[in-house]
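I set out to record which pockets and surface features can be looked up in this model. The entries follow in the order in which I made them.

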Amino acid sequence: MIVINDVDQNTQEWLELRAGVVTASNFHKLISAAKGDYSKQADKYAIKLIAEKLTGEIDETYSNAAMERGIIMEEEA
């Protein structure tokens, strides 16, 4: 595992570093929790990661009001 501590979360540089990389929040898209087998989403997720790595283009990430509030309150928390 590679840990990079000197990049602020949610910045363009942070997004670029994550391009084509399996992240903890999306690991369930590769391995199913129930059986430990490849999930039904594995192929689609792998193709997305490969495309990100080859093109350098990153899909917009999902966000909702609760997540936005968490980002705002993160330092205080």
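**Entry 1: a nonpolar surface patch.** I began with the surface and noted that I2, I4 and L17 form a nonpolar patch there. Together these residues have about 320 Å² of accessible area. I record here that the model is a predicted one.

I then looked up L17, which is found in helix α1, residues 12-18. L17 counts as partly exposed because its relative accessibility is 41%, and the class of partly exposed residues runs between 20% and 50%.

**Entry 2: the largest pocket.** I turned next to the pockets. The largest pocket has a volume of about 820 Å³. I found 29 residues in its lining, and R18, N26, E60, T61 and Y62 lie nearest its centre. The elements that give two or more residues to this lining are α1, α2 (42-55) and α3 (65-73). Of the contributions to the lining of the largest pocket, I noted that α2 gives the most, with five residues. I also sorted the lining of the largest pocket by class and recorded ten nonpolar, ten polar and nine charged residues.

**Entry 3: the second largest pocket.** I recorded about 500 Å³ of space in the second largest pocket. It is lined by 13 residues, and those closest to its centre are I2, V3, I4, W14 and R18. By class, I found ten nonpolar, two polar and one charged residues in the lining of the second largest pocket. I marked I2 and I4 in my notes, as they are listed near the centre of this pocket and also belong to the nonpolar patch. I marked R18 as well, which is listed among the residues nearest the centre of the largest pocket and among those closest to the centre of the second largest.

**Entry 4: E60.** I returned to E60, one of the residues nearest the centre of the largest pocket. E60 is found in the loop between α2 and α3. Is E60 buried or exposed? I noted that E60 counts as exposed, because its relative accessibility is 80% and the cut-off for exposed is over 50%. I then checked E60 against L15: the two are 45 residues apart along the chain, and their C-alpha atoms are separated by 9.6 Å.

**Entry 5: A46.** My last look-up was A46, which lies in helix α2. At 30% relative accessibility, A46 counts as partly exposed. I also checked A46 against I72, and recorded a C-alpha separation of 31 Å for these residues, which are 26 residues apart along the chain.

Methods. Residues are numbered from 1 along each chain as its sequence is written. This is a predicted model: local features need pLDDT of at least 70, side-chain atom pairs count only at pLDDT 80 or more; totals for chains, interfaces and linings use all residues. Side-chain values use heavy atoms; hydrogens and water are left out. Patches are made of residues with over 30% relative accessible area and no salt bridge: like charges are joined within 9 Å, nonpolar side chains (Val, Leu, Ile, Met, Phe, Trp, Tyr) within 5 Å. Accessible areas come from the Shrake-Rupley method with a 1.4 Å probe; for residues, only the protein chains shown count as cover. A salt bridge is a side-chain nitrogen of Lys or Arg within 4 Å of a carboxyl oxygen of Asp or Glu. Helices (H or I, at least four residues) and strands (E, at least two) are DSSP runs, numbered from the N terminus. Buried means under 20% relative accessible area, exposed over 50%, partly exposed in between (1.4 Å probe, protein chains only). On a 1 Å grid over the protein atoms alone, a cavity is a set of points where a 1.4 Å probe fits but cannot get out, and a pocket is an open set with protein on both sides within 12 Å along at least five of seven lines; lining residues have an atom within 4 Å of a point. Grid points are joined across faces, edges and corners, and a volume is the space filled by probe spheres set on the points. Ala, Val, Leu, Ile, Met, Phe, Trp, Tyr, Cys and Pro count as nonpolar, Asp, Glu, Lys and Arg as charged, and the others, Gly among them, as polar.
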